[in-house]
Amino acid sequence: MTSARDEILARIRASLADVPADDETDVPWAYGQPRRTDDLLDLFEERVRDYGATVQRVTGHLGATVVEALLAHGVTSVVLPAGLDPAVVDAIAQAGIVIRGDTPALSRATLDETDAVVTTCAVAGAVTGTIVLDHGPGQGRRALSLVPDVHVCLVAADQVVSDVPEMVARMVPATRAGRPITWISGGSATSDIELSRVEGVHGPRTLHVLLV
Amino acid sequence: MSKRPVRPSNAHDADRLTPAPPPGRFLDSPTFPKQSKVELGNAVQRRNLYDAMRTIRTKRVGVTSEADDWEDLRLAGEAIKNRTLRHLDRYLLQLEESLTAAGSTVHWARDAEEANAIIVGLVNAALATPQGDQASAREVVKVKSMATQEIDMNEALEEAGIAAWETDLAELIVQLGHDRPSHILVPAIHRNRSEVRQIFLDEMGRYGRPAPDDLDSEPVNLAAAARLHLREKFLRAKVAISGANFAVAETGTLVVVESEGNGRMCLTLADTLISVVGIEKVIPSVADLEVFLQLLPRSSTAERMNPYTSFWTGPTDGDGPQATHVVLIDNGRTKVLADPVGRDALRCIRCSACINICPVYEKVGGHAYGSVYPGPIGAVLTPQLRGVASAVDASVPYASTLCGACVDVCPVRIPLPDLLVHMRHKVVEAKAHGRPHADDVAMRVTGKVLGSPGVWAATTKAISGTGAVLKKGRVDHFGPLPWPLSLWTNARDVPAPPNESFRAWYARTHHKDGSPR
Ligand code: SF4
């Protein structure tokens, strides 16, 4: 009996009998190009805000700003991935917010009872107001930035690129290395009821971006 | 299918794990003209669709005109898909190799039955794995996926004693409402907020955490009820089933594009992840994603970017499912590929822009198409995938005005009107083998519509603003007319006498029952 695999491949070859073996379709596209924009950081801020998320430029002490953000959302417990700036961790500890580390990994139930998460990111894009996590140091495994209801994300100014092509280009090595990648544009949202947009379904209902 | 009560009868649910869908198979649906008459009588649906489609069209124009290289992106999207499809065997072998190297297990399925058997086997095996002393619940959580709907996977799992829980909000509304999806992106678009509230109040408690007693019909509160209802299912999930928007041959990376975070929950929290992927979803390289991650969100939800996109490349140590399976399904796709004209339809990235712009869809909604794929793409793809043997499949290629709006919005430039005409030819050819002539179908519905001034007026109004041919209530040529008149005019090519209104002309030349004088 032919395997499904062999049969499907044979069907495909038969179906494509009219296509010469050396046929190549040109893709008229220059990959990875920056898009011309005015001030990248201004645009990034504006576009993140368009999704109903909070975005704030950090001018003073980073740790203090993170604490302010957490307290503003009524956070009493937070999960902090390994690799976060120790100054930030200290400031949070001193503010009396319960810190949960993820080594060993927190159970799903504990994560669900945790109010917030603070992470860094791998790259961000101005035109679409997107942050991208490759779940490296400071970002944690994927569930950390998903289950808690508040996500405070630290974006370094030099991580902000223009648009999708540059973000994808920056994520190619991590993807090739087999790392999971998560693209986040605003908080979780749905338009499933009468196409009326509701912010906050399953993912964090609050996204707070701090631009450092 | 003909009735969708808000409070469905649950009599047949007694021995089921999940809410029963409406009885019967899609394939046995009435013809498009017949079912569309029923759907046209559903005033709630018509109003919902009218409002929703207008909103989304306007938004789409906004975000696509904002990208100054939109047309270049469309050309690139078209070219990447053609490049892949024209050597699909090669790219699939590369994909298989990369997936395997990344630690995923690849399965191939010729058709729905084979796919379902594989999936049931994988789920059974995953649930049999001891999980401490607790027996795993016989259930899976699902990411919204067209492929799993196409193969009717939920019912196959139900028969195997496994409950498949839909987690996308709209799919949840459809599932709890004992209903069928009517749109590929917003499957519950035919339901309004008060219907959704009633469904949640009536049904949630039967299958898990009940909706709060004081639930009102505000979308934000309805979404919150869904969040709570599904959270317990996510937190205990052992097995998740997803589709994939893209499968990257170079790396074995799968990509899911979503809004709510239910996708991330499934992709991240389960121990075993099974992804059901149509063979046409493969793209060559990671870099190609830059084209599609611009085209897809702007065309589908009309946003610059959708809230969440997940890439995964096999299992990751200490993060997410430790077993990842990919089921590659044919289920008619190689048949579509065999037709050098029709194969363009395989470029489809399921964005739904063609559905949202379609004046016919806007009037009748998705159920009349008798398939999980409605609108222009459904009218082309369904008869390609399933053949034109059934009454409904032979009728859907006529469910179009050929007004051309769909081809302009399609992000991968599928020539939908050409393909509709192409499929009409196939239907006509099939007649030679003893099937009912499409013209007969067209004639019957045309007569009905023209016999009713209300419907005719609504039909002419439907296309004003779409750039179609009717002006000031006069018809000066029978080019592409709006559906359902197009059923007739597009099947024939008849000049209209000048200075005579179409209705007057029709009355003069036709009997009351619609037959020509
Ligand atoms: S045919 Fe084109 S417009 Fe329609 S859903 Fe597919 S990609 Fe989108």
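**Buried helices, paired charges and a ligand shell**

Biologist: Which are the buried residues of H12(B)?

Modeller: This is a predicted model. Helix H12 of chain B runs over residues 289-299 and is mostly covered. Its buried residues are B:Leu289, B:Glu290, B:Val291, B:Phe292, B:Leu293, B:Gln294, B:Leu295, B:Leu296, B:Pro297, B:Arg298 and B:Ser299.

Biologist: What percentage of the residues of chain B count as buried?

Modeller: Chain B has 23 helices and 10 strands. In one of them, helix H12, 11 of 11 residues are buried. Across the 517 residues of chain B, the buried part is 65%.

Biologist: How are H1(A) and H4(B) oriented, roughly parallel or roughly antiparallel?

Modeller: Helix H1 of chain A covers residues 4-15, and helix H4 of chain B covers residues 88-101. Their axes come within 9 Å and cross at roughly 150 degrees. An angle over 145 degrees counts as roughly antiparallel. So H1(A) and H4(B) are roughly antiparallel.

Biologist: How many of the residues in the contact of H1(A) with H4(B) are charged?

Modeller: H1(A) brings A:Arg5, A:Leu9, A:Ile12 and A:Arg13. H4(B) brings B:Leu88, B:Asp89, B:Leu92, B:Leu93 and B:Glu96. The contact has 5 nonpolar residues and no polar ones, and its charged residues number 4.

Biologist: How many residues of the shell around the ligand are nonpolar?

Modeller: Chain B supplies residues around the ligand, including B:Cys348, B:Ile349, B:Cys351, B:Cys354, B:Ile377 and B:Cys410. Also among them are B:Pro411, B:Val412, B:Ile414 and B:Leu416. B:Arg350 and B:Ser352 belong to the shell too. The shell divides into 1 charged, 1 polar and, for the nonpolar class, 10.

Biologist: How far apart in sequence are the parts that A:Arg141 and A:Asp102 tie together?

Modeller: The side chains of A:Arg141 and A:Asp102 meet in a salt bridge, at 2.7 Å from N to O. A:Arg141 sits in the loop between strands E6 and E7 of chain A, and A:Asp102 in the loop between strand E3 and helix H5, so the pair ties together parts that are 39 residues apart in sequence. Both partners are buried. The separation asked for is 39 residues.

Biologist: Which is B:Glu71, buried or partly exposed?

Modeller: B:Glu71 forms a salt bridge with B:Arg74, with the closest N and O atoms 2.8 Å apart. The two are 3 residues apart in helix H3 of chain B, about one helical turn. B:Arg74 counts as buried at 6% relative accessibility. B:Glu71 has a relative accessible area of 43%, so B:Glu71 is partly exposed.

Biologist: Which residue does B:Glu78 meet in a salt bridge?

Modeller: B:Glu78 is buried, with a relative accessible area of 17%. Its partner is partly exposed at 32%. B:Glu78 lies in helix H3 and the partner in the loop between helices H18 and H19 of chain B, so the pair ties together parts that are 335 residues apart in sequence. At 2.6 Å, N to O, the partner is B:Arg413.

Biologist: How many salt bridges does the structure hold over all chains?

Modeller: Some salt bridges share partners. They join A:Glu46, A:Arg47, A:Asp50, B:Glu66, B:Arg298 and B:Arg304 into one network. Over all chains, the total is 53.

Notes:
Residues numbered from 1 in each chain as written. Chains lettered and ligands numbered in written order. Predicted model: local features only at pLDDT ≥ 70, side-chain atom pairs only at ≥ 80, totals over all residues. Heavy atoms only, no water. Axes fitted to C-alpha atoms, helices over the stretch in contact; angles between N-to-C directions. Helix = DSSP H or I, 4+ residues; strand = E, 2+ residues; numbered from the N terminus. Parallel < 35°, antiparallel > 145°, perpendicular 65-115°, else oblique. Contact = heavy atoms within 4.5 Å. Nonpolar A, V, L, I, M, F, W, Y, C, P; charged D, E, K, R; others polar. Near = heavy atom within 4 Å. Buried < 20%, exposed > 50% of the residue type's maximum accessible area, 1.4 Å probe, protein only. Salt bridge = Lys/Arg side-chain N within 4 Å of Asp/Glu carboxyl O.
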